[in-house]
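I opened the file today and kept short notes on what I looked up. They follow the order in which I went through the elements.

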Amino acid sequence: MKSVIGAIDEMGRAILFLGDILRTMVYRPNRSHEIFDQIWKVTVQSFATTGMAGFFVGGIMAVQFSLQMNEFGALGYLGGLATSGTIREVGPLLIAFMLAGKVGAYTSAELGTMRVTEQIDAIRCLGADPMQEIVVPRFIAIIVSSFFLLGLGLMMSIGGGMLVGSIVAGVNFEEYMRHVPTIVAFPSIVAGLIKCFVFAVILSTICTFKGYNASGGAKGVGISVVNTAVVTMIGIVMTDWLTSFLQEAVLNWFGVV
Amino acid sequence: MIEFKNLVKRFGTRTILKGISFKIEEGQIAFILGTSGTGKSVLLKNLVGLLRPDEGEIWVDGREISKLSEQEYLEVRKICGMVFQQPALFDSLSVFENVAFGLRKHRIVEEALIPQRVQEALDAVHVKGVEQKFPQQISYGMQKRVSLARTVALRPKILLFDEPTTGLDPITTTAINELIQELSRQYKTTSLVVSHDMKCALDIADQIIVLDQGNVVDLGTPEQLKKSQVPLVKDFLEEVLAQEAQSALEEAKGRRS
């Protein structure tokens, strides 16, 4: 019972922290070069791994779909279905997991170390606001970069799907791409983008919150990094279900699907 | 002039400071002594607004500051420079940028005058030729000095030192203690030093305050403290005598061989 209350309490504090971040963004905006600097760092940091992971996920989707489609003799739809599945669901989830493992852990460790080595206190004593100085640029950077990385991951996944589709199922590249525009419609793209945004906000809030509030030396930083990874993964999976449900409801409401 | 009036600070159910009251006159060097965990650092952090007291008042230059807003506290931090227990230098900035950080954020001097001011501060702590290096490229003792320079560059009227010699070898400890005295005299600051080092306190302090379990158990000039009957102060003095006897013995041994 105590741990449940503790978890709810922690969630509340994280939401208040997000409120603080948003207030800082509005009332004390950063200089743009600080944000661009962070966007560059985050994107470059995860560029290769996200690209590689995207390529293989595309391949996996193609293999899985080809097994089913072959039975129905509908291999022509392989590219369209695999790509749609990746854009709507697997892509954003993959990017979020990659970022949680790499950027989330890194940011949490970096802020945690700054906290336990008194750098955050020093920033305040030297006349600056640590939220504005170090938290907000990282928060924005993770969200913006996740869209770049999503784009990269999805392009690589199409490449991976095409290659594996041609090797495993004998579907040539043109055939693979033929139904992509018809199946991957506008709602799929919107669904993917919404998911990506929600996951990125969750990740950047949790990693900055955990890092910024770390305490207790090296051990405290370790705990904050582990907590960041675990809580982000749980948060992403939970909101994944929720966003899918909400998207369906909203799109149905407008009669888009 | 700094005055604490009946200061109380609690963390949850634990009361760390239990009604601290004392006064430090302008231009004095005051030492706060006490064993670990008695709330010495908490007291300093209350003075610069990193923590806020639950009860009591803090007066600086005739102004009550404990209830100021974060924005109003910036003015206090301009005149109250704090040197942390750890160097707390920003890893991503060079030594020069670290020292210039507070000058820029507090807008103390114009941009064109910053290099000169940084150089003066580094000269004052006897650091040369490392301006373009990063904190991790210089020794720990040197980092401590740069941290001192970063605070001194602001030319604060009040200098606060949180255990400035913890984790340093005896030679660097002596050098840092001499530096504290030198800087306090050179810039005519009021200095408040949190320390366990009774010997150093007896050598350079104008006033010594002894804390135990969140209470002031004794205070006075070094001469007055030497005659104290308070058990904790007697323990500290015995430790100093033992140290002196040890060093005299080693000196004698050295002379004999």
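**Entry 1: the four-stranded sheet of chain B**

I began with an open sheet of 4 strands in chain B, whose order is β2-β1-β4-β5 and whose pairing is antiparallel. I noted that the model is a predicted one. The edge strands of this sheet are β2 (14–24) and β5 (63–64) of chain B, each of which pairs on one side only.

I then went through the pairs. Strand β1 (residues 2–11) of chain B runs antiparallel to β2(B), and 8 bridges join the two. In this pair I found Glu3(B) opposite Lys23(B) of β2(B). The hairpin of β1(B) and β2(B) has 2 residues between the strands, and Gly12(B) in this hairpin takes a positive phi near 65°.

β1(B) also pairs with β4(B), in the antiparallel sense, over 5 bridges. Which residue of β4(B) is the bridge partner of Glu3(B)? I looked it up, and the partner is Trp59(B). Glu3(B) therefore has to be written down twice in my notes, opposite Lys23(B) in β2(B) and with Trp59(B) in β4(B). Helix α1 (residues 40–47) of chain B packs on this sheet and touches β1, β2 and β4 (55–60) of chain B. I noted that the direction of α1(B) makes about 65° with that of β2(B).

**Entry 2: the six-stranded sheet of chain B**

Next I took an open sheet of 6 strands with mixed pairing, in the order β6-β7-β8-β3-β9-β10 (chain B). At its edges are β6 (80–83) and β10 (215–220) of chain B, and each pairs on one side only. From one strand to the next, the twist averages 15°.

I looked at two of the pairs. Do strands β7 and β8 of chain B pair in the parallel or the antiparallel sense? Strand β7 (residues 158–162) and strand β8 (residues 190–195) of chain B pair in the parallel sense, over 5 bridges. Here Leu159(B) stands opposite Ser191(B) of β8(B).

β9(B) and β10(B) run antiparallel and are joined by 5 bridges. Val210(B) has Asp218(B) of β10(B) opposite it. The hairpin of these two strands has 2 residues between them, and in it Gln213(B) takes a positive phi near 50°.

I also looked for a helix against these strands. Helix α9 (residues 231–256) of chain B lies across β3 (29–33), β9 (207–212) and β10 of chain B. Its direction is at about 115° to β9(B).

**Entry 3: two helix pairs in chain A**

I moved to chain A and picked out two pairs of helices. In the first, helix α3 (residues 78–116) and helix α9 (residues 217–253) of chain A pack at an angle of about 150°, with their axes 9 Å apart. Angles over 145 degrees count as roughly antiparallel, and α3(A) and α9(A) are therefore roughly antiparallel to each other. Their crossing is right-handed.

I listed some of the residues that make the contact. On the side of α3(A) they include Leu93(A), Ala96(A), Gly104(A) and Val116(A). On the side of α9(A) they include Gly217(A), Val221(A), Met233(A) and Asp240(A). By class, this contact of α3(A) with α9(A) has 11 nonpolar, 10 polar and 1 charged residues.

In the second pair, the axes of helix α2 (residues 32–72) and helix α5 (residues 130–169) of chain A come within 4 Å and cross at roughly 30°. Angles under 35 degrees count as roughly parallel, so α2(A) and α5(A) are roughly parallel to each other. The crossing of α2(A) and α5(A) is right-handed. How many residues of each class are in their contact? I wrote down 26 nonpolar, 17 polar and 2 charged.

**Entry 4: where the chains touch**

I checked the contact of the two chains. It takes 10 residues from chain A and 15 residues from chain B. The side of chain A that touches chain B has 4 nonpolar, 3 polar and 3 charged residues.

**Entry 5: confidence**

I left the scores for the end. The model has an ipTM of 0.86 and a pTM of 0.85.

Chain A averages a pLDDT of 89, and 99% of its residues score at least 70. Which helix of chain A has the lowest confidence? It is helix α7 (residues 180–183) of chain A, with a mean of 83, while helix α4 (residues 119–125) of chain A is highest at 93.

Chain B averages a pLDDT of 89, and 100% of its residues score at least 70. Among the elements of chain B, α9(B) has the lowest mean pLDDT, 82, and helix α3 (residues 95–105) of chain B has the highest, 94. I had met α9(B) before, lying across β3, β9 and β10 of chain B. I added a reminder that predicted coordinates should not be read in detail where pLDDT is low.

Definitions and conventions. Residues numbered from 1 in each chain as written. Chains lettered and ligands numbered in written order. Predicted model: local features only at pLDDT ≥ 70, side-chain atom pairs only at ≥ 80, totals over all residues. Axes fitted to C-alpha atoms, helices over the stretch in contact; angles between N-to-C directions. Parallel < 35°, antiparallel > 145°, perpendicular 65-115°, else oblique. Left-handed = near helix turned anticlockwise from the far one by under 90°. Contact = placed C-beta atoms within 7 Å. Nonpolar A, V, L, I, M, F, W, Y, C, P; charged D, E, K, R; others polar. Pairing = 2+ DSSP bridges. pLDDT = per-residue confidence, 0-100.
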